[in-house]
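Dear colleague,

I am passing the structure on to you with this message, and my notes on it follow below. Please read them with the coordinates open.

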Amino acid sequence: MFTLQTKASFDSAHFLKGYEGKCSNIHGHRWTVEVELSKESLEEEGQCRGMIMDFSDVKSALREETGRLDHSFLMEEGSLRPATLAALKEEKFRILEFPFRPTAENFARYFYERMKEKGYPVRRVRVYETPNNCACYET
């Protein structure tokens with residue numbers, strides 16, 4: 001089995017509704033997303049001969065996905081009162097709502113699925129909230 005791995009980072013804020021502790025407050029992270037791809041064999045012809053695939057293609061696809069979340073407020077749908085959400089939007093804050101709680105675990109699955117949808121042979125995705133703490137999703 002051959003594997004390759006790349007990573008990209010983005011900055012955003014989130015909070016965890018219903019959590020008892022510091023993470024119930026809005027706070028930010030420099031999230032790092034690591035994607036690991038795997039294949040049984042290498043390309044046999046063309047420009048990518050001897051490779052799983054071109055690193056630049058994978059890096060570009062991952063940066064596109066992380067770039068969508070960069071410098072935004074990530075939140076679970078329905079976790080703020082409508083008036084609060086409306087006030088934030090009126091102030092032109094970039095708010096992205098998800099149908100899941102914005103945890104590292106859920107974002108690991110989110111990026112896994114997004115890269116799979118793009119046709120990449122994803123083996124595992126790790127999402128770091130801090131340099132020392134990450135969540136992983138693999139099938």
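Two strands are taken to pair if DSSP finds at least two bridges between them, where strands (E, at least two residues) and helices (H or I, at least four) are DSSP runs numbered from the N terminus. This is a predicted model, in which local features need pLDDT of at least 70 and side-chain atom pairs count only at pLDDT 80 or more, while totals for chains, interfaces and linings use all residues. Residues are numbered from 1 along each chain as its sequence is written, and side-chain values use heavy atoms, with hydrogens and water left out.

In those terms, Glu36 has Arg124 in β5 as its bridge partner, and strands β2 (residues 27–39) and β5 (residues 122–130) pair in the antiparallel sense over 6 bridges. They belong to an open sheet of 6 strands with mixed pairing, in the order β4-β3-β1-β2-β5-β6. Its edge strands, each pairing on one side only, are β4 (95–98) and β6 (133–138).

Helix α3 (residues 104–117) lies across β1, β2, β3, β4, β5 and β6 and runs at about 140° to β5, where axes are lines fitted to C-alpha atoms (for helices over the stretch in contact, meaning heavy atoms within 4.5 Å) and angles run from 0 to 180 degrees between N-to-C directions. Helix α1 (residues 55–69) lies across β1 (2–14), β2, β3 (72–76) and β4, at about 20° to β1.

The largest nonpolar core (buried Ala, Val, Leu, Ile, Met, Phe, Trp, Tyr and Cys residues joined through side-chain atoms within 4.5 Å) has 28 residues, and those with the most contacts inside it are Phe107, Phe111 and Val127. The elements giving two or more residues to this core are β1, β2, α1, α3 and β5, and the largest share, 7 residues, comes from α3. Among the residues that Val127 touches are Trp31, Phe107 and Phe111.

The structure holds 13 aromatic pairs (ring centres of Phe, Tyr and Trp, the last by its six-membered ring, within 6.5 Å; planes under 30 degrees apart are stacked, over 60 edge-to-face, the rest tilted). The rings of Trp31 and Phe107 have their centres 5.6 Å apart and their planes at 70°, so this pair is edge-to-face. Because Trp31 lies in strand β2 and Phe107 in helix α3, the pair ties together parts that are 76 residues apart in sequence. Trp31 is buried (under 20% relative accessible area; exposed is over 50%, partly exposed in between, with a 1.4 Å probe and protein chains only), at 0%.

With best wishes

Methods. Lists of a residue's contacts leave out its neighbours within four places in sequence.
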